[in-house]
Amino acid sequence: MFMLASIHLLVDAVLMTVARPLANRIAAHWMFGSIRAQIASLRPYPTLALFAVPLIVLEPVKPVAACLAGTGHITMGMFVLVVGEVLKLVLLQRLFSVSRDKLISIPAFAWTYGMYLQAKEWLESFEAWQAARRWKCLAQYAVRSFVQEVKASQRLERVSFQPR
């Protein structure tokens with residue numbers, strides 16, 4: 001059980017690198033301002049019920065993805081897993097950021113969130129986790145450098161130095 005929980009936290013942490021920027025981009029959209037206001041107007045327990053909906057609906061995606069992969073549909077299983085997890089994390093991250101104070105006011109949620117933070121801190125203390133973070137930073141730097149080089153070369157191609 002401990003190993004499954006660790007793997008679950010690890011998968012969520014990896015996918016959160018995709019989910020957080022996507023959630024921030026969605027939140028900036030004008031259409032979500034009224035939804036944000038409606039969520040903010042809820043009391044703590046209705047907010048908790050709303051927070052539970054993405055978990056209840058999207059958590060079964062993992063066994064479905066495992067079933068697909070187990071029956072030979074590995075690509076489809078990975079696609080279902082990644083899309084379902086990213087969607088779940090985006091929704092949860094947005095809901096939590098809007099209603100964090102109300103959710104923390106519920107004692108059971110506050111205790112569970114504290115346990116989650118402790119588990120996350122424990123996992124991040126491992127050398128393997130820190131090495132993976134360093135590799136991620138190096139990969140991001142390499143991708144950014146490559147993109148900047150491509151953009152710079154495209155700008156140079158647009159500028160013609162030949163006389164007319």
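How are α2 and α5 oriented to each other, roughly parallel or roughly antiparallel? In this predicted model, the axes of helix α2 (residues 32-40) and helix α5 (residues 74-104) come within 10 Å and cross at roughly 30 degrees. Angles under 35 degrees count as roughly parallel, and α2 and α5 are therefore roughly parallel to each other. The crossing of these two helices is right-handed.

On the α2 side, the contact is made by R36, I39 and A40. On the α5 side, R94, L95, V98 and K102 take part. By class, the residues of this contact comprise four nonpolar and three charged, with no polar ones.

α2 and α5 also take part in lining a pocket. This is the second largest pocket, with a volume of about 270 Å³. Its lining consists of 13 residues, and those closest to the pocket centre are F32, I35, I39, L91 and R94. Two of these names appear in the helix contact as well: I39 of α2 and R94 of α5.

Helix α1 (2-27) joins α2 and α5 here, since each of the three supplies at least two residues of the lining. The largest contribution comes from α5, with six residues.

The table sets out the classes of residue in the helix contact and in the pocket lining.

| Site | Nonpolar | Polar | Charged |
|---|---|---|---|
| Contact of α2 with α5 | four residues | no residues | three residues |
| Lining of the second largest pocket | eleven residues | no residues | two residues |

Polar residues are thus absent from the contact of α2 with α5, and the lining of the second largest pocket has none either.

Terms used. Residues numbered from 1 in each chain as written. Predicted model: local features only at pLDDT ≥ 70, side-chain atom pairs only at ≥ 80, totals over all residues. Heavy atoms only, no water. Axes fitted to C-alpha atoms, helices over the stretch in contact; angles between N-to-C directions. Helix = DSSP H or I, 4+ residues; strand = E, 2+ residues; numbered from the N terminus. Parallel < 35°, antiparallel > 145°, perpendicular 65-115°, else oblique. Left-handed = near helix turned anticlockwise from the far one by under 90°. Contact = heavy atoms within 4.5 Å. Nonpolar A, V, L, I, M, F, W, Y, C, P; charged D, E, K, R; others polar. 1 Å grid on protein atoms, 1.4 Å probe; cavity = no way out; pocket = protein on both sides within 12 Å on 5 of 7 lines; lining within 4 Å. Points joined across faces, edges and corners; volume = space filled by probe spheres on them.
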